[in-house]
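Biologist: I am new to this structure and would like a close look at one part of it, the sheet and what lies around it. Could you take me through that part slowly, and then place it beside a few other parts of the chain?

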Amino acid sequence: MAAAPSPDLSGRRLSRRSFLGRSGTLGLLAAGGTGLLSGCVLESGATTDSILRVREPFDLTNLDPAIRPNRTDSTIADCVFEGLVSYKGSTDEVVNVLAEEFEASKDGLRYHFKLKRGIPFHQGYGEVTAEDVKFSYERIAGIGGTDLESPYQADWAPLDRVRVDGKYEGEIILKEPFSPLMRSTLPAASGLIVSRKAVEELGKKFSTAPIGSGPFEFTQWTPAQRTTLTAFADYGGAWQPTMPKSPWSQIVILPIIEDSTALNAFEAGDTYFSVIPSQAVDQYREDETAKFVPQVTPNYGFMTMNVKDELLSNIHLRRAIRSAIDVDGILEAATNSTYERARAIIPESMGLGYWADAPLYERDLDQARAHLRRSGLRDVRLRVSTDQAEAETITAQIVQANLEEIGIKVDLDIVDSATFNEIPGAGGGGPNRQLVISSFSTEPDPSWSFIWFTCSQVGEWNYTGWCDREFERLYNRATKELDPKKRTELYVRMQERWDADANIVWLYYETLPFVANNDIEPVVGINGKPRYWAFTKT
């Protein structure tokens, strides 16, 4: 979610030269862990070296494709690992990557693959084999003897086994049809292949010292400061000729939480690609010294209400909160009204699963107070949890003010992103959470948006604590249904049940305002995540 810039940057764009003269900002950058890097940047916005320097809103947490708690983890993993297939660049076209051949059976239960030969893993861990494919997918699915409990197990829920037919050949065998497989499992992060040998040798170290076969290998991580990826000298070229060879010798990823600080870093030339504050969008649309790259995404923002909490188990209180929240005011203050307001979980742009008749809840204080009276509760005091990004903080402050207008006191629980994303554990406000403000990135299939709010995710990513068996039944039916129209009907019925329980306030669908140096051609996936390995020079 984008956040507000510091006031002196909201109305104009400083030149790099004048910006670099501001000693106060340089101190801020150093304090934020970015510092001024050694690479030179031309005044016109052109890079002069082969090192790509980019900003990410979070530090890495765990790069294991089976775990990856936050979107930065997935973005970095996309540079390090490869799958049998993937989405091509910024498109929704699925293409072969590690697979030389890939073919589905007519009934959708078997997927035969033949690997490209001689594709090496990083750091001498041998070549990619069918055994690694089997290990990677069965490991996420929780079968084949692994004791790993992946939060993405549902991506492979119908997997019966991966049969190995030779060193480079095998077959993915499902127990039942699974419509998301070719939309949000195989072409996405749950389809990435790990080295079995590396996982077993490195153990827990694998999460921050990953071994893949991708165009970049992981070389260094300084927590809260930077992650460095280096071009893999022996890269097997699985992506070629579908995508051009990367021109970068290194990718340096700077975790900068605050969007205003990120804007300063881009202005100073510390980064060549970044999300900017939404309040700076208008000025960058007209700026010729940088490339403005807005990316519409299916990612969604929300505020959950934990129905397992003693107070929030009262549906009248939840309805009061939903009626009191000024969503339009939040979008204006936190995103400069650059995000699309959400009425439900699936945006119209996704098509599949879109609920055209979803209600739009406008702020109504009289109705909110009436719901609160019906609750029978007095002197209500709640806690709202979120991470410390600027826009999330702004959203929490507005929620606090909104609810106090109807007599509900609100305490703010604002923590660093690592703590907020610690799942299971203290993440999302911890097991005793009440109100949670967050946003989830997603893949281009409704199942991937809904899965986090199913019963199996209660206590993990399902911050609502809501477990509805009919919702679950409809979800399972939708994942087996191959007809898009029938799938949409099932997802709409799910959303109608969800809306009736009033345990979530939908806020927005993200439109990410990226900027890049003029000589960089960025590639952003359809899920809104940059694909740094695919960036080229123009």
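Modeller: What follows begins with how far the model can be trusted, turns to the sheet, and then moves along the chain to other places.

This is a predicted model, and the protein chain averages a pLDDT of 89, with 91% of the residues scoring at least 70. The stretch to treat with care is residues 1–46, where pLDDT stays under 50, although the model has 121 contacts for these residues beyond four places in sequence. Where pLDDT is low, the predicted coordinates should not be read in detail.

The sheet is an open one of four strands, which come in the order β5-β6-β8-β7 and pair in the antiparallel sense. Strands β5 (99–104) and β7 stand at the edges, and each has a single partner strand, so one side of each is left without a neighbour in the sheet. From one strand to the next the twist averages 15°.

Strand β8 covers residues 169–174 and is mostly covered, since five of its six residues are buried. Strand β6 (residues 110–115) runs antiparallel to β8 and is joined to β8 by five bridges, and in this pairing H112 stands opposite E171 of β8. Strand β7 (residues 159–166) also runs antiparallel to β8, here through six bridges. Two positions help to find this pairing by eye: R161 stands opposite I173 in β8, while V164 has G170 in β8 as its bridge partner. Helix α4 (residues 130–141) packs on the sheet, where the helix touches β6, β7 and β8, and the direction of α4 makes about 170° with that of β7. The link between β7 and β8 is a hairpin, with two residues between the strands.

The loop between β6 and α4 holds Q123, whose phi is near 55°, a positive value in a residue other than glycine. Most residues other than glycine have a negative phi, and most peptide bonds are trans. Q123 has a relative accessible area of 51% and is therefore exposed.

Further along the chain there is another run of antiparallel strands. Strand β10 (residues 216–222) pairs with strand β11 (residues 226–231) over six bridges in the antiparallel sense, and T222 stands opposite R226 in β11. These two strands form a hairpin with three residues between them, and A224 in the turn has a positive phi of about 70°. Strand β11 is also joined by four bridges to strand β12 (residues 250–255), again running antiparallel, with T230 opposite Q250 in β12. The loop between β11 and β12 contains P241, and the peptide bond leading from Q240 to P241 is cis, with omega near 5°.

After these strands comes helix α7 (residues 259–268), in which L263 lies. L263 counts as buried because its relative accessibility is 1%. The C-alpha atom of L263 is separated by 22 Å from that of K537, and the two residues are 274 residues apart along the chain.

A contact between two helices is also worth following. Two packed helices are described by the angle between their axes and the distance between the axes. For helix α10 (residues 327–335) and helix α12 (residues 390–404) the angle is about 145° and the axes are 9 Å apart, and their crossing is right-handed. In α10 the residues G329, I330, A333 and A334 meet A391, I394, T395, I398 and V399 in α12, and the residues of this contact divide into seven nonpolar, two polar and no charged.

The last stop is helix α16 (residues 484–501), where Q495 is found. Q495 has a relative accessibility of 3% and so counts as buried. Leaving aside residues up to four places away in sequence, Q495 touches A344, I345, I346, G353, W355 and F450. A502 lies in the loop between α16 and β19 (504–516), and phi of A502 is near 50°, a positive value in a residue other than glycine. A502 has a relative accessible area of 1%, and is therefore buried, whereas Q123, in the loop between β6 and α4, is exposed.

How values were computed: Residues are numbered from 1 along each chain as its sequence is written. This is a predicted model: local features need pLDDT of at least 70, side-chain atom pairs count only at pLDDT 80 or more; totals for chains, interfaces and linings use all residues. Side-chain values use heavy atoms; hydrogens and water are left out. Axes are lines fitted to C-alpha atoms, for helices over the stretch in contact, and angles run from 0 to 180 degrees between N-to-C directions. A crossing is left-handed if the near helix is turned anticlockwise from the far one by less than a right angle, and right-handed if clockwise. Contact means heavy atoms within 4.5 Å. Ala, Val, Leu, Ile, Met, Phe, Trp, Tyr, Cys and Pro count as nonpolar, Asp, Glu, Lys and Arg as charged, and the others, Gly among them, as polar. pLDDT is the predictor's confidence in each residue, from 0 to 100. Buried means under 20% relative accessible area, exposed over 50%, partly exposed in between (1.4 Å probe, protein chains only). Two strands pair if DSSP finds at least two bridges between them.
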